[in-house]
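Colleague: I have not looked at this one before. Can you walk me through it?
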Amino acid sequence: RKVSVGEDISEEFLIDINLLQENTMLIRENIIDKQRVISSILKSARYPQEYRSRLNVLLKDISSLINHTDFGFERLEYLQNTVLGIINLDQNKIMKVFTLVSLMLMPPTLIASFFGMNVSFGGFFQYSGWAWIVIVAMMLLSFVIIFRVFKTYYLATVEGDQPRVRPFGTVHMFEDKLYIQTGKVKPVSKQ
């Protein structure tokens, strides 16, 4: 089965992969037991000589089956690692959003909690009707400043004959020019 980013991966899918891995391990153990039995028969002097060539062919077939089960197990392990990687990426995206939201709400919360205390500031906030407007304006201004600092810029380039649009968060404004930082090893630095 193909797994792609953005696909909703259920717990059932991971349990199915685990069940397939268990079944593959049981099949492999069963095949190895058969290999041991046939090897013991070949070593025995009681078994007729005319069947030895057939048993050698069976040993080669069993060896092929062991290789095939190993391949199947590795594919299942790769699929499981892929699924866990996709889950990890999804969790990282969610944590990034939570971090950004908490960072954006922290200064307004600090301002609201500071001015929410029963403390007078030179009498202005105690008697003026403008006090709440000033506090809300400070909270909105801090929100806008943080939003401006963490703004993402997008750069459109051409790679071969294909257009590419890439997000950049590390930018610098200097003398009314926008500078974007990237490593020299990345293809975008040459485009």
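Modeller: A definition to start with: two strands count as paired if DSSP finds at least two bridges between them. Keep in mind that this is a predicted model.

Colleague: OK, how many bridges join strand β1 to strand β2?

Modeller: Seven, linking β1 (residues 153-159) with β2 (residues 162-168).

Colleague: Do they run parallel or antiparallel?

Modeller: Antiparallel. Within that pair, V158 sits opposite P163 of β2.

Colleague: And what about G160 in the hairpin?

Modeller: The hairpin of β1 and β2 has two residues between the strands, and G160 adopts a positive phi near 70° there.

Colleague: Switching topic. Where in the chain is confidence lowest, and where is it highest?

Modeller: The low end is helix α3 (residues 124-127), with a mean pLDDT of 55. The high end is helix α1 (residues 11-43), at 88. For the chain, the mean is 79, and 80% of residues reach 70 or more. Where pLDDT is low, the predicted coordinates should not be read in detail.

Colleague: Anything on the surface? Which residues make the nonpolar patch?

Modeller: V97, V101, L105, F143 and V144 form a nonpolar surface patch of about 420 Å². Helices α2 (52-115) and α4 (131-149) are the elements giving two or more residues to this patch.

Colleague: Which one gives the most?

Modeller: α2, with three residues.

Colleague: Take V101, then. Where is it, and why is it called partly exposed?

Modeller: V101 lies in helix α2. V101 counts as partly exposed because its relative accessible area is 41%, and that class runs between the 20% limit for buried and the 50% limit for exposed.

Note on methods:
Residues numbered from 1 in each chain as written. Predicted model: local features only at pLDDT ≥ 70, side-chain atom pairs only at ≥ 80, totals over all residues. Heavy atoms only, no water. Helix = DSSP H or I, 4+ residues; strand = E, 2+ residues; numbered from the N terminus. pLDDT = per-residue confidence, 0-100. Patch = residues over 30% accessible without salt bridge, like charges linked within 9 Å, V, L, I, M, F, W, Y side chains within 5 Å. Areas by Shrake-Rupley, 256 points an atom, 1.4 Å probe, with all protein chains shown as cover. Salt bridge = Lys/Arg side-chain N within 4 Å of Asp/Glu carboxyl O. Buried < 20%, exposed > 50% of the residue type's maximum accessible area, 1.4 Å probe, protein only.
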